[in-house]
2 protein chains.
Amino acid sequence: MTKPVTLFELAAADPEVRFSPHCWKVRYALAHKQVDAERVPWRFTDKDAISFSGQGLVPVLVHGDDVLTDSWRIANFLETQYPDHPALFGDAAQPLAEFINAWADGALLPRIARIILVNIHDNLADKDKPYFRQSREKRFGAPLEEVASNRPELLKDLGAALAPLRGVLKSRPFLAGEEPRYADYSVLGMFIWARCVSEIELLQPDDPVHHWRDRLLDIFGGLGRKAPSIVARATA
Amino acid sequence: MTKPVTLFELAAADPEVRFSPHCWKVRYALAHKQVDAERVPWRFTDKDAISFSGQGLVPVLVHGDDVLTDSWRIANFLETQYPDHPALFGDAAQPLAEFINAWADGALLPRIARIILVNIHDNLADKDKPYFRQSREKRFGAPLEEVASNRPELLKDLGAALAPLRGVLKSRPFLAGEEPRYADYSVLGMFIWARCVSEIELLQPDDPVHHWRDRLLDIFGGLGRKAPSIVARATA
């Protein structure tokens, strides 16, 4: 079980700033499973560096002879590979966790993206900036600055979309119950992403989601709390 | 375990048409748990009939000496009360099922409501119509007919909101996995509600959600398929 493990992670201009929400899901999954990995910074335009994976997106996890892509597939691989380590799902909960992962990607990611698009752009390596601007302006159908312009409205919309999470967190500390599991990490990734590349506060201080995020930032020795961010790096 | 069980269910003008999505969640939970219940029709304005429950909404479940309200609380009560009957959740999955229930109530119910508001109204008992129109027009901020006017746009918006469910159903027959559980029923309730009071098709025929709905309408001897609806009743 001591196979070499390597994780390719999306990096900003500052290679220590690793901001991808999907890579963060994998970081927390590895921490939960108590699996160490070498972490390799990767940029949007470094397609050659991960061409061995047969596609062009991170996270890419190299685990011994296995090459895994897609954070959901990686989480399931880790669960199968390390059955005696703490469970990421629990049998009956795995399908429901997949739903929550899809909800985070479909309902939260685009809403947070609109808010932090300009911040992401400004913190990318120069060679990545044209790629990012072009692909995201195509996706959102407007210049980045325009997509992000009405921040109060975007924050309100995000707050409304978080309603199901807020409801559950009123009666328990984590989405998965008394202890966090992958369902928590798949949503948390969205918030660490924003935290890494911007100073924008996405949540009201009295929001149960805010307290939940705080709890998760602190587990695993402050894994999320200590994540290099453009803010922390600028003031260090 | 053979305590008398009574379920108060919201009824249309035709008392056999029981359309409340939350009552349907409980119907499926009872069927899953193999618990028989006497089903009592109830109308929005029949507040006195359920005043013993300390509030004014259905579902209300009377189980021996216990009086339960709120479909989520009822489902959890049944799971605890009948531990040897088929599990509605599975331990690790219960918190995640609560999230999905909250998602259905928060993201699907209002979207479907906008589409079928006029149909609901038209099929209520006459004494309920003023209550329904007034309360719903206040909630949605416009006359019922106006809220429901742009149906193609509302259907498109609903289709987009179903994305996380659609994603999961590409790789398995039910939201909860190989067999349906309460997470499935909590979403299905929304579709039976619409089916009971209108002929509007909410889903494209090639949508995985459509096939999933078909499978659930057929289980428990066609419990949902055979539900009295205004359409079935009009042509019977």
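This passage describes the two largest pockets of a predicted model.

Rolling a probe the size of a water molecule over the atoms shows where empty space is left. In this model, the largest pocket has a volume of about 850 Å³. Its lining comprises 35 residues. Those nearest the centre are P21(A), H22(A), L57(A), V58(A) and L109(A). Both chains contribute helices to this lining. From chain A, α1 (21–32), α2 (71–81), α3 (94–122) and α4 (129–140) each supply at least two residues. From chain B, α7 (163–169) does likewise. The largest share comes from α3(A), with nine residues. By class, the lining of the largest pocket holds 22 nonpolar, seven polar and six charged residues.

The second largest pocket encloses about 650 Å³ of space. A set of 32 residues lines the second largest pocket. H22(B), L57(B), V58(B), L109(B) and R136(B) lie closest to its centre. Here, too, the lining draws on helices of both chains. Chain B provides two or more residues from each of α1 (21–32), α2 (71–81), α3 (94–122) and α4 (129–140). Chain A adds two or more from α7 (163–169). The top contributor is α3(B), which gives eight residues. The lining of the second largest pocket divides into 19 nonpolar, seven polar and six charged residues.

Key. Residues are numbered from 1 along each chain as its sequence is written. Chains are lettered from A and ligands numbered from 1 in the order in which they are written. This is a predicted model: local features need pLDDT of at least 70, side-chain atom pairs count only at pLDDT 80 or more; totals for chains, interfaces and linings use all residues. Side-chain values use heavy atoms; hydrogens and water are left out. On a 1 Å grid over the protein atoms alone, a cavity is a set of points where a 1.4 Å probe fits but cannot get out, and a pocket is an open set with protein on both sides within 12 Å along at least five of seven lines; lining residues have an atom within 4 Å of a point. Grid points are joined across faces, edges and corners, and a volume is the space filled by probe spheres set on the points. Helices (H or I, at least four residues) and strands (E, at least two) are DSSP runs, numbered from the N terminus. Ala, Val, Leu, Ile, Met, Phe, Trp, Tyr, Cys and Pro count as nonpolar, Asp, Glu, Lys and Arg as charged, and the others, Gly among them, as polar.
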